[in-house]
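Colleague: I'm new to this one. Could you pick a single part, take a close look at it with me, and tell me where it sits in the whole?

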Amino acid sequence: MTAVIRVEGRRRSVLRRAWDYLASFDGLAKTAMWTLAVLFTAALLGRLFGLGGSPTAIVGPRLAPPSLAYPAGTDSLGRSLLPRLLEGVMTTLLLSAVAVLLTAVIATLCGIIAGYRGGRTGGLIMRVGDILYAFPAIVLAILVAAVVGPGYVAALCSIVLVTVPLMTRMVGQATRLVAQRDFITSAVISGVSTPVIMTRHVLRNISGTIAVQGTYALSVAILVEGGLSFLGYGVQLPGSSLGLLVQEGTLYMVKAPWLILLPGVILVLAILAINLIGDSLRDRFEPREARSLE
Amino acid sequence: MRLLHWLPGRLLSAVVVLLGASILIFAAVRSLPGDFAQIVLGPLSNEEQREQLRQSFGFDRSLPEQYLLWLGNAARGDFGLSLASQQPVLDELASRLPVTALLAGMAMLVTIAIGIPLGVYAGTHASTGRGSVAARIVSTIGISFPEFVLGCLVVFLFSRFDLGLSVGAFTSPTADFGRGVVSLLLPALVLSVFCVAATARTTRDAVIGVLVEPHIAASVARGEPKGFIIRHHVLRNALIPVLTLTATITAYLLGGAVIVERVFNVPGIGSYLVLALDRRDYTVIQAGVLLATAVFVIASLLIDVLTGLVDPRVSVAKKGRGA
């Protein structure tokens, strides 16, 4: 480890620079990052080392409140909630992250083409985006789930379809702003090929927008996955996701409130953390001057 | 009128979006798994009966033909019969529309009444440390609370403890409006939380954007009172992005209603749509989803027109041309 972060002259390692970059965020965003890191690490430990036991084994009495033996209580079948919670966190985070990665790739590609090339292709991309955008998110999601069949794939597809239109639009707008600048014109005049301009000049200059929109898309993704699983069209039993756990918790809400409170609180914390990071990124990439009327 | 210059194009794009959405809905519903005739007639039917049913619903024709037939009928307000209840889909939807409309309307009222003042406060106090951080945290928590978690929490609290309002006791607003409003109070509040926070955030950003403009500094220098500046100079400019957001919020309220109605057992369009999907009630799904997209498309069209009317720059341009 020490070898990796050793400072060699004035060039510092990638890890060190990444750490410095993360350290430059404000306190609220740092707390948010720590929250996500803790959630993810706990879920990873649960997956790798079986922390908290098996998520499907029936181990104890039904609806037992949280205790030393069952740190998060047990559910209606006598399964310990903690491992199911960890599995749910893993599923929700991983599913959303993969979906948003897909969204980012599709939206960046389409957005740059629509914003830089414009023309008929660009118009078509924007029009398709408008059509998808006209569907209320959860309605589009359950329609997709009904066609594909409930499960991981349905959740993945609906997250992508819900998040792509807005992100494409934002990337397109950012691209149009960059495309008007002089250095693009001079690159065109110097005979730089269009793909090179798109990747080297446009992409680098809109990376901030992509980061901000990607972060917000991640919070939408968790919302959509949660809502879909809550309605019974997302992740299916015996799998586990935070939305599914909340849905299960509603059945025994009065007798065993921890079944709904724990997944609910974790879900809100995860979305909150991601939104705070998004805000922080936005303040960084799109700095605005503030003035008060005092 | 500058409005007339862009209105035809805007209308055309609304029609294109609606047509595109209708094709998408039609394609999605037709590719739903499961044989339609089997679902309607049950397992005890024979092939002859099923064939007859398919013919009577026009399923033996080609897909484009079926689509045009459906679209033509839909344009005249005929969405066919619900496969589950054999009642006209339009009547089924119309009987549930008042509930969802009231729910969404109440949530919209709360959104405007709380979201905009909150955003103006946060925006005008943005550079004074503590208030800004508090506003940022509160509005971020607001957009981070999924309505199914918040709804379940509210149901839990109000069913566990006696807090004055009961959950689950639904009164139809068409039968008794007053009690209908009261029974929809909690669902509407849950539905509005995200929208209040989103509106507050947008208003705050817009206000901050306007406050740094030179004409505000000029107003301050002229010694105009603070309230006057906010009402006349800041709000009029800042409300334009907020107005644009209203279209998105309308769509959001429709989507959110699906979940909130499910959580609170409210018999509106949203819970009916989920039921229809469970029952593979093709005609209802097609009509319901088309209705939802149409509401969004029409709302955003109206709001664009409204923005054109409100935006002072448009009227200045009009005056300058002597029109």
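**A helix pair and its surroundings**

Modeller: Sure, let's start with chain A, which has eleven helices and zero strands (both are DSSP runs numbered from the N terminus: H or I over at least four residues for a helix, E over at least two for a strand). Keep in mind that this is a predicted model, where local features need pLDDT of at least 70, side-chain atom pairs count only at pLDDT 80 or more, and totals for chains, interfaces and linings use all residues. Residues are numbered from 1 along each chain as its sequence is written, while chains are lettered from A and ligands numbered from 1 in the order in which they are written.

The part I'd zoom in on is a pair of helices in chain A: helix 3 (residues 81–117) and helix 4 (residues 119–133) have axes that come within 8 Å and cross at roughly 135°. Those axes are lines fitted to C-alpha atoms over the stretch in contact, with angles from 0 to 180 degrees between N-to-C directions. So helix 3 of chain A is oblique to helix 4 of chain A (under 35 degrees would be roughly parallel, over 145 roughly antiparallel, 65 to 115 roughly perpendicular, and the rest is oblique).

Who does the touching? On the helix 3 side of chain A you'll find A:C110, A:I113, A:A114 and A:R117, and helix 4 of chain A answers with A:G119, A:T121, A:G122, A:I125 and A:M126 (contact means C-beta atoms, placed from the backbone, within 7 Å). Sorted by class, this contact has five nonpolar, three polar and one charged residues (Ala, Val, Leu, Ile, Met, Phe, Trp, Tyr, Cys and Pro are nonpolar, Asp, Glu, Lys and Arg charged, and the others, Gly among them, polar).

Now zoom out. Buried residues make up 47% of the 294 in chain A (buried is 20 or more other C-beta atoms within 10 Å of a residue's own, exposed is 12 or fewer, partly exposed is in between). In chain B, 39% of the 323 residues count as buried, and there are 14 helices and zero strands.

The largest nonpolar core has 167 residues, and A:A141, A:I142, B:L103 and B:L253 have the most contacts inside it (such a core joins buried Ala, Val, Leu, Ile, Met, Phe, Trp, Tyr and Cys through C-beta atoms within 7 Å). Helix 11 (residues 226–264) of chain B gives the most to this core, with 17 residues. Leaving aside residues up to four places away in sequence, A:A141 touches A:S158, A:V162, A:V224, A:G227 and A:L228.

Key:
Contact = placed C-beta atoms within 7 Å.
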